[in-house]
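Biologist: Could you take me through this one slowly, since I am still learning to read structures?

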Amino acid sequence: MPPMAVLATYNVKGGVGKTATVVNLAHRAALAGNAVGARTLVFDLDPQGAASYYFRAAPKARQRGKTLVSGKVDVRDAITPTDFPGLDLIPSDFSFRNLDVVLDAAKDPGRSLQRVVRPLTKQYAHVFLDCPPSISRLSENVFNSADALLVPIIPTTLSLRALDQLNSFLAKRKQRSPMVLPFFSMVDRRKRLHRELIEDLCLAHPHILRTGVPSSAAVERMGAHQAPVAAFDRQSSAVSAYAGLWDEVLARLDGGGAPARARARSRAQA
Ligand SMILES: Nc1ncnc2c1ncn2[C@@H]1O[C@H](COP(=O)(O)OP(=O)(O)OP(=O)(O)O)[C@@H](O)[C@H]1O
Ligand SMILES: [Mg+2]
């Protein structure tokens, strides 16, 4: 059985590949999980509803953000199946834009989401939270709910600053913080700058995952197909990247992985 976990994509920056990661990793997790009866759930917390769009899902009537996170309705009633076996979804809609206000008004503002999400782990081995780009009340709830944060980083020096800021923010929290799993997103290996930056940054930050997601036309086509890449282009380099990324995430959740120094060395040599 794979290690169970609540995983959230997180980055204050917009457009870095958070949703693409959730959709493709969740699809991968479900494929792998089917063999052992481990189900996967995606909870789309972004009012833009991009993950819901990729899975062709509409929210169920009356399952609005407010009622969902306030615990007034059973969250399980909001779950809808996707086209893929073992993979379910809680769709988002525009009402989710008010989640910050709803959470602020809650009795324990930092923990409302946790109360909704945690019970779902009885049914689902992996729960993915797709988050909007911000630092907000919702982020605090996500930090309290997730076992790990998947942090896509575009290979630029500035992106690393955002990662450093996230790490120091989490370190200052009194509550237990999720494991941070950064990885490179939209990597263009043809660009010398990308290659050099990745080598340098991996040496300086050994906790960055080895697998980077390439900049890929297939990922861009997800919108037209409304599906994860593996459902319409199995040969794409993005499919093997997401598969590798998922294996690495599972290994980290399991407490595994090469020692930090060896990892950095092997990356530098790659
Ligand atoms: N690996 C990739 N290669 C090429 N294009 C990508 C890749 N990952 C994401 N994109 C494209 O970049 C855009 C942003 O991706 P995505 O929606 O996943 O980012 P996001 O971080 O979730 O954005 P937001 O902050 O708005 O929620 C999309 O048009 C997507 O198709
Ligand atoms: Mg997104």
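Biologist: What does Asp 147 form with Arg 118?

Modeller: In this predicted model, Asp 147 forms a salt bridge with Arg 118, and their closest N and O atoms are 3.0 Å apart; a salt bridge is a side-chain nitrogen of Lys or Arg within 4 Å of a carboxyl oxygen of Asp or Glu. Asp 147 lies in the loop between helix H6 (137–145) and strand E6 (148–153), while Arg 118 lies in the loop between helix H5 (112–117) and strand E5 (126–130), so the pair ties together parts that are 29 residues apart in sequence. Helices (H or I, at least four residues) and strands (E, at least two) are DSSP runs, numbered from the N terminus.

Biologist: Why would such side chains pair at all?

Modeller: Side chains of opposite charge can pair when their charged atoms come close.

Biologist: How many salt bridges does the rule give?

Modeller: The count comes to seven salt bridges, and one of them joins the side chains of Arg 39 and Asp 88, at 3.1 Å from N to O.

Biologist: Is Asp 88 buried or exposed, and what about Arg 39?

Modeller: Asp 88 counts as buried at 9% relative accessibility, whereas Arg 39 counts as partly exposed at 35%. Buried means under 20% relative accessible area, exposed means over 50%, and partly exposed is in between (1.4 Å probe, protein chains only).

Biologist: New topic, then: how many residues surround ligand 1?

Modeller: There are 17 residues around ligand 1, the closest being Lys 18, Thr 19, Ala 20, Pro 214 and Ser 216, where a residue is near a molecule if one of its heavy atoms lies within 4 Å of it. H1 gives the most to this shell, with three residues.

Biologist: Which backbone atoms lie 3.0 Å from an oxygen of ligand 1?

Modeller: A polar backbone atom of Gly 15 is 3.0 Å from an oxygen atom of ligand 1, and a backbone N or O atom of Val 16 also lies 3.0 Å from an oxygen atom of the ligand. The protein covers 80% of the 630 Å² of accessible area that ligand 1 has on its own, with areas from the Shrake-Rupley method and a 1.4 Å probe.

Biologist: Anything I should know about the conventions?

Modeller: Residues are numbered from 1 along each chain as its sequence is written, while chains are lettered from A and ligands numbered from 1 in the order in which they are written. Local features need pLDDT of at least 70, side-chain atom pairs count only at pLDDT 80 or more, and totals for chains, interfaces and linings use all residues, while side-chain values use heavy atoms, with hydrogens and water left out.

Definitions and conventions. Polar contact = N/O pair within 3.5 Å; in protein donor to acceptor, adjacent residues only side chain to side chain.
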